[in-house]
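Subject: Handover of a structure and notes on it

Dear colleague,

Please find the structure below, together with its sequence. I would be grateful if you read the notes with the structure open beside them.

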Number of protein chains: 2
Amino acid sequence: MKEFIIIGHKAVTAPFSLNDLPGAAGRMDILCRCVNASLFLSHDLRRDVRVYLVLKGGAHPMLIRFDGAAVRYLSPDERSAASLIKKALEKQAQGFWTESMPGVSIKKGDLGDLLDELDRKITYLREDGPDIRVKPLDAGPDLLFVLGDHLGLTDDEEKIIADHEHMIVSVGPLSLHADHCIVLLHNEMDRVEKCI
Amino acid sequence: MKEFIIIGHKAVTAPFSLNDLPGAAGRMDILCRCVNASLFLSHDLRRDVRVYLVLKGGAHPMLIRFDGAAVRYLSPDERSAASLIKKALEKQAQGFWTESMPGVSIKKGDLGDLLDELDRKITYLREDGPDIRVKPLDAGPDLLFVLGDHLGLTDDEEKIIADHEHMIVSVGPLSLHADHCIVLLHNEMDRVEKCI
C-alpha cells in the first residue's frame, strides 16, 4: 500500500461551495489535485494507493481518507474530488474513521494522530532534500509520503515528523506543486516495479 | 520556448458552464489540467512555455494559446483556466490570433494549421514510444510536444504528425493522463537544464 498524506493548512473543515475551491474553501483545489495525482491512471485507478488529507483551516483539524481500492463516484476533475470531500465534511466526524461514501472516510485528528495510527517510516518531501534519483526511494510497496501544500510544513509539523523514523527527499531541481511531486514519485515507483 | 499542444476531441468551441467541465464542456477539465501542468511552478509560472489547446468538439475546430511570458489572471485551479478559455471562446475568432485576455489568444484552426504555423520538429507522446530515459529528449530549449486527451490521437491526426519531422516518446511504463505526462516531461527537461 502506497500512502500519501497532504496537509492543507487553510482547508476548511465545514461543507463549502464547489464554485470557489481556492478562496472560500481554503485552497481545497490543491488537495483535490493531489487526490487526482495519487489515484488516477489513464482510464483506471491506482488501487494500491490511499490518500490522506489533513484539513487544518477550521477550529479542529480533520482527516479525510480516499482508498483507491474502494473509492467510487470519483472522476479526475477537481470538482469531483471536492464533492466527495464536502460530503465527508457533512458527516458528524468522530475519533474513528467513518465512511461517508464508498472509499471515502473522515475522522477527527491532526497530522500527529495520523502518523501514530499508520506507524511506519515516513518519506517527507522537501525541496532541499536529496534527489530521488541520487538517493533512491526505499524498496518495497509500502511507502508513506508526507507533502505540504503551498505553505510547506510548519516548524511544529516538522517536529512531529522528526519524532518518527523518516527520510527526506526531493523530486527535482525546481519548486513544484504537491500534485506534480506526487506524479513524479509515482513514476519513480512505477519504474522500479516494472524494472525499467 | 517549450511548447505543448493538447488535443481535446470533445472540447466545446462555444462558451460553456464552469460548473460542468467534464460533461457539457466536453472534458474541458483535461485541457485545464494540462494548462496547469505546463505553466505552473510553486509560487511561479514557467515563462518559457506556451500551451496550445485544440478544441474539436464543435462544428469548426478552434485553437487557444496560453503564453507563460504574458499570461495574467491565471490561478492553478481548473476553474481559473476554464474561465480564461471561456472568455477566449466569447471572442469572434478569426484566421489569425486574437488576444482575449493578457497572454491568452484564440484562432480558428485545427492541428494541421497549428503545426504548419509552428513549423518545427514534433515530440509526440505515445504510450508505445521509447522511454525518455532510454531515448532522451532532444537537447535545447525549443521542444514542441503533442499530446492527446483521453481518446489519444485519431489515425488522421497521426497522419498529420507523420507529415512533419517528429520523434515518438513515452514517459514511463503505465498509461497516464496528459497532464501527468507534461509534469514528467518538464521534470526531465528541468534536470537537463540544471545538469542533475
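The notes below describe what was found.

This is a predicted model, in which local features need pLDDT of at least 70 and side-chain atom pairs count only at pLDDT 80 or more, while totals for chains, interfaces and linings use all residues. Residues are numbered from 1 along each chain as its sequence is written, and chains are lettered from A and ligands numbered from 1 in the order in which they are written.

The two chains

How are the two copies related? Two copies of a chain are related by a rotation about an axis and a shift along it. Here, a turn of 180° and a shift of 0.0 Å along the axis lay chain B on chain A with an RMSD of 0.0 Å; copies are superposed by least squares on the C-alpha atoms of residues with pLDDT of at least 70 in both. This is the relation of a two-fold axis. Both copies use the same surface, as 100% of the contact residues of chain B recur in chain A.

Between the chains, 28 residues of chain B are in contact with 28 residues of chain A (contact means that C-beta atoms, placed from the backbone, lie within 7 Å). Helix 1 (28-39), strand 2 (40-41) and helix 5 (178-193) of chain B each give two or more residues to this side of chain B. Helices (H or I, at least four residues) and strands (E, at least two) are DSSP runs, numbered from the N terminus. Helix 5 of chain B gives the most, with six residues. By class, this side of chain B has twelve nonpolar, nine polar and seven charged residues; Ala, Val, Leu, Ile, Met, Phe, Trp, Tyr, Cys and Pro count as nonpolar, Asp, Glu, Lys and Arg as charged, and the others, Gly among them, as polar.

Helix 5 of chain B

This helix has 16 residues and reaches 23 Å from its first C-alpha to its last, close to the 22 Å expected at 1.5 Å a residue (the expected span is 1.5 Å times one less than the number of residues). Its buried residues include B:Cys181, B:Leu184 and B:His186. A residue is buried if 20 or more other C-beta atoms lie within 10 Å of its own, exposed if 12 or fewer, and partly exposed in between, with C-beta atoms placed from the backbone. The cover over the buried residues of helix 5 of chain B includes helix 1 and helix 5 (178-194) of chain A. Just after helix 5 of chain B, B:Cys195 takes a positive phi of about 55°.

The sheet of chain B

Chain B has an open sheet of eight strands in the order 6-7-5-4-1-9-8-10, with mixed pairing; two strands pair if DSSP finds at least two bridges between them. Its edge strands, strand 6 (98-101) and strand 10 (166-169), each pair on one side only. Strand 1 (residues 2-8) and strand 4 of chain B run parallel and are joined by seven bridges. Within strand 4 of chain B, B:Tyr52 is the bridge partner of B:Ile5.

B:Lys56

Where is B:Lys56 placed? B:Lys56 is in the loop between strand 4 (49-55) and strand 5 (62-67) of chain B. B:Lys56 counts as buried because 22 other C-beta atoms lie within 10 Å. Not counting residues up to four places away in sequence, B:Lys56 touches B:Ile7, B:Gly8, B:His9, B:Ala11 and B:Pro61.

Yours faithfully

Notes: Two residues are in contact if their C-beta atoms, placed from the backbone, lie within 7 Å.
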